[in-house]
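Student: I have a new structure open and would like to understand the terms people use for it. Could we go through them together?

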Amino acid sequence: GEGARKFVHISCGTWAALWPFFIDLDTIAFVTLGLALVALLLRRTKVFTSVYSINRISVGEVLIGFGLSASAFLASSGAVYASAVLIISWSDSLAAIIGTRYGKNHYFKVMSSNKSLIGSFTFFVSTFVIVCAFLYYESNGTVVSDPFQILYGLAIAAFVALSLTIVELTGVYGMDNLTIPLFATIVLNILAIH
């Protein structure tokens, strides 16, 4: 069920986030594209039934491979790619787990898909933490060198987290598995330049 799906999502995402330490981004782009094509085949053959045992329309298990491939192709560095992958794997999964468990009474619909306030807040907080870690890494720690830099970094992280939360809300039917890595990669590429 959903717990098994999110366990796979987090485990595979964390593993994929480590790939830039071992292989180049171009290779990652081709490998993840291949995985997307395998997911298409598995969808047709109904192998790994836990991936398909959900009571809603979703193409997320296929789109995640395409999203990671596009992210690896567009990422300016391994840190950008890894951060985008951690956002889609951890933030999205934690939002679903917390939202399903604690948001049953406070949900709203986005294009016939149930979303919860607590799930969205969870996505925001998790993404905020990942973006803060990315900013710290990219700045070699100077983002915490003085109070102005700290406030600036926190404001940037909050803005990016809020933007990605909105992207997640509108990514129904598993489309967020494509849109989140793409948007995160583009925004983190911009932040890595500055």
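Tutor: Let us take a few terms in turn and check each against its definition. Keep in mind that this is a predicted model.

Student: What makes the contact between Lys 6 and Asp 92 a salt bridge?

Tutor: A salt bridge needs a side-chain nitrogen of Lys or Arg within 4 Å of a carboxyl oxygen of Asp or Glu. The side chains of Lys 6 and Asp 92 meet at 3.8 Å, N to O, so the pair fits that definition. The structure holds 1 salt bridge.

Student: Why does this pair tie together parts that are apart in sequence?

Tutor: Lys 6 belongs to helix H1 and Asp 92 to helix H5, so the bridge links parts 86 residues apart in sequence.

Student: Are Lys 6 and Asp 92 buried or exposed?

Tutor: Both Lys 6 and Asp 92 are buried, which means each has under 20% relative accessible area. Of the chain's 194 residues, 45% count as buried.

Student: Which residues touch the most other members of the largest nonpolar core?

Tutor: They are Tyr 81, Ile 87 and Leu 191, in a core of 34 residues. Helices H1, H2, H4, H5, H6, H7 and H8 each give two or more residues to this core, and the largest share, 9 residues, comes from H5.

Student: What does Tyr 81 touch beyond residues up to four places away in sequence?

Tutor: Its partners include Ala 16, Trp 19, Leu 68 and Ala 75. Each counts as a contact because heavy atoms lie within 4.5 Å.

Methods: Residues numbered from 1 in each chain as written. Predicted model: local features only at pLDDT ≥ 70, side-chain atom pairs only at ≥ 80, totals over all residues. Heavy atoms only, no water. Core = buried A, V, L, I, M, F, W, Y, C linked by side-chain atoms within 4.5 Å. Buried < 20%, exposed > 50% of the residue type's maximum accessible area, 1.4 Å probe, protein only. Helix = DSSP H or I, 4+ residues; strand = E, 2+ residues; numbered from the N terminus.
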